[in-house]
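Student: Hi, could you walk me through this structure? I'd like to ask things as they come up.

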Amino acid sequence: MEKQFKEIHVVCNTHWDREWRMSYQKTRMMLVKMMDMLIELLEQHPEFSSYTLDAHTIMLEDYLEIRPEMRERIERLVKERRLFIGPWYTLPDMFNIGQEAIVRNLLRGRRVSRQFGHTMQVGYTPCSWGQTGQLPQIYAGFGIDTILFYRGFSLHEAPVEFLWESPDGTRALTHRFSLFARYNCYYLVFRRVAYGLDFEDRHWHWGAAAECPMRFCDGSDPVANIRLFRPRIDYHPERLKSAFEDMLQREGNDYQSGYFLAMQGHDISFPHPIDFQLAVDGDKEFPDLKIMVSNLEDYMAKLKETLDFSTLKVLKGERRTSLKYGLWTYLFPGSISARVPLKQTNFRVERSLVSFAEPIATLVWVLGALPEYPERYIDLAWRFLLSNHTHDAHSGCGSDKITEDVMYRYRQAEELAEGVVEETFASLIQLIEPRDAAPQDLLIMLYNPIQTERTEVVELIIDTPLEAKARSLLITDDEGRVYDYQPVRVSDEAIFCDNYWNVPQIFDCRRFRIKFPASQLPAFGYKVFRVRCQKHIHRFSGSL
């Protein structure tokens, strides 16, 4: 152990993949067991001073849907800063989603965590296949100036502690995990002390019948795993000193500070009864070194207090480096092209919310045409969307069953967004009274959702009364200007006409599908065109 440390901060935690190896509902059943166990351990053992619940709050919503009676107990632990939650709602793979979704993710994460009494003010991204360059800038908008991550970084780039700078110049004190990423204490101390296992030993051997191993063998799931329902609890404190020394030897030289971060947790890991005991008993082995159960807020505060920022290396822009040194810090670039329909659907749904539903509803509400802003519908759409942005699910790392669930949630978000747009325009249309419009005229309202005036060729479907015997259309604007159009198809159809107080009625119509040159649509506004049926065929010359 070459470098001398003053403190080891043992952060007990879990990284909870909402749906990855197993489907969401089966994983949630494990979540309920884990949370039940965690709450009992924290309440029964005051020396188990804190636990970090990953960095996303959706797992609390998932848990409380099954255990609503546990809410007050969770709130008490959060307010006492013994259970750390947030700042994210879900943990996204940032290069596979839109920029607005990253901000909304943090907004919702903060909203949920504040309901429990505290938001962890550390930018912790325990899993993302790389980090977007604007992340320090985005975090700063939420009052967060410290960051922890590991993927997208190779250990030769900088020591553990450095300053990360966004393109706008915003800087944040950043800790990148070392050789063993966010598992260092788990692999190098806990597994050795509990089971005598080296970090490379991942094999289970048959023979421990007392652990009650079980596997379903009816063929319903050919890849069903063996589960241990009574895993043994072993503890060998005599191994603590050498295990902590080995961890410091392997990773210590990466540090500039005298404060070491020991992450005690793993993917889908449950809190263990000896988690806090590692620190309590380990502290007794080192008279000149303080070992404590800690949390990420206290650890990063210690770094801010003791480091000389002028000596820290400054890294700029995105962190997307391919692995050169390290064990688990490599990227998964294949996730960008895995299950491409997921990415395409996500883009479409994000656009329907960000570019249409929200701005249109806001503008029409400001105009006074909406009786109330559709906040609940929009919020629910965002919840469906963001719940898909867990890095494994959206990246396509899960099974077909998980992908089907993801597509279902995308469909819910998209239908909510479309419904908001339809209802918003229905409210606006009722207030429009164009000049010189006759009762038999049809009206087209075209809306421009961007901030500049535009002229576009759009495709429209116009249904005219069948009895009008229309063979062509006369399209004009409020100033009487006549517009040419390109007929694509004309057909006779029958569609429903809905009435709140009557059964759906049949409207026999002649349908015109046309290409229409809509000119001078005002920025963030609309333009109304009048359509009249003509019984003769109008031939157009020239070109659109």
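Tutor: Happy to; we'll take the overall layout, then a sheet, the cores and some charged pairs, bearing in mind that this is a predicted model.

Student: Great. How many helices and strands does the protein chain have?

Tutor: There are 13 helices and 19 strands in the protein chain. Its C-alpha atoms fill a box of roughly 100 × 60 × 40 Å along the principal axes.

Student: And what share of the residues counts as buried?

Tutor: 50% of the 544 residues. As for contacts with a separation of 6 or more, 78% of them involve residues 24 or more positions apart.

Student: Let's go to a sheet. What is the strand order in the open sheet of four strands?

Tutor: The order is β13-β19-β15-β16, and the pairing is antiparallel. At the edges stand β13 (442-448) and β16 (482-483); each has a single partner strand, so one side of each lacks a neighbour in the sheet.

Student: Is β13 largely enclosed or left open, then?

Tutor: Largely enclosed by the rest of the structure, because five of its seven residues are buried.

Student: How many bridges join β13 to β19?

Tutor: Seven, with the two strands running antiparallel. To find the register by eye, look for I444 opposite F529 and for Y447, whose bridge partner in β19 is Y526.

Student: Next to Y526 there's a lysine I'm curious about. Where does K527 lie?

Tutor: K527 lies in strand β19, which covers residues 525-534.

Student: Which side chain of opposite charge is nearest to K527?

Tutor: That is D477, 4.1 Å away. A salt bridge has to fall within 4 Å, so this pair does not count as one. K527 is buried and has no salt bridge.

Student: What does the K527 side chain have a polar contact with?

Tutor: With the side chain of Y483, at 3.4 Å. Beyond its close sequence neighbours (those within four places), K527 is in contact with ten listed residues, including I444, M445 and L446, along with D477, R481 and Y483.

Student: Switching topic: which residues touch the most other members of the largest nonpolar core?

Tutor: M35, L53, I74 and L83, out of 133 residues in that core. Helix α13 (residues 400-429) gives the largest share, ten residues. A separate core of 16 residues lies apart from it, and I462, F512, I514 and F529 are among its members.

Student: F529 again, the one opposite I444! What does L53 touch?

Tutor: Not counting residues up to four places away in sequence, L53 touches T14, M34, M35, L38, M59, L60, L83, F84 and I85. In general, nonpolar side chains tend to be buried together in soluble globular proteins.

Student: Now towards the start of the chain. Is V10 buried or exposed?

Tutor: Buried, with a relative accessible area of 0%. V10 sits in strand β1 (residues 7-14). Its contacts, leaving aside neighbours within four places, include C185, A262, Q264 and A279, and also I291, M292, V293 and S294.

Student: How far apart are V10 and Y299 in sequence and in space?

Tutor: They are 289 residues apart in sequence, with 9.5 Å between their C-alpha atoms.

Student: Last topic, charges. How many salt bridges are there?

Tutor: The count comes to 42. One of them joins the side chains of E211 and R232, at 3.6 Å from N to O. This pair links distant parts of the chain: E211 is in the loop between α6 (184-195) and β8 (213-214), while R232 is in the loop between β9 (227-228) and α7 (240-251), 21 residues apart.

Student: Are those two buried or exposed?

Tutor: E211 counts as buried at 5% relative accessibility, whereas R232 is partly exposed at 37%.

Student: And which salt bridge partner does D281 have?

Tutor: K284, with the closest N and O atoms 3.5 Å apart. Both lie in helix α8 (residues 275-284), three residues apart, or about one turn of the helix. D281 counts as buried at 14% relative accessibility, while K284 is exposed at 64%.

Terms used:
Residues are numbered from 1 along each chain as its sequence is written. This is a predicted model: local features need pLDDT of at least 70, side-chain atom pairs count only at pLDDT 80 or more; totals for chains, interfaces and linings use all residues. Side-chain values use heavy atoms; hydrogens and water are left out. Buried means under 20% relative accessible area, exposed over 50%, partly exposed in between (1.4 Å probe, protein chains only). Lys and Arg count as positive and Asp and Glu as negative; His and the chain ends are not counted. A polar contact is a pair of N or O atoms within 3.5 Å; within protein, one must be able to donate a hydrogen and the other to accept it, and residues adjacent in sequence count only if both atoms are side-chain atoms. Contact means heavy atoms within 4.5 Å. Two strands pair if DSSP finds at least two bridges between them. A nonpolar core is a set of buried Ala, Val, Leu, Ile, Met, Phe, Trp, Tyr and Cys residues joined through side-chain atoms within 4.5 Å.
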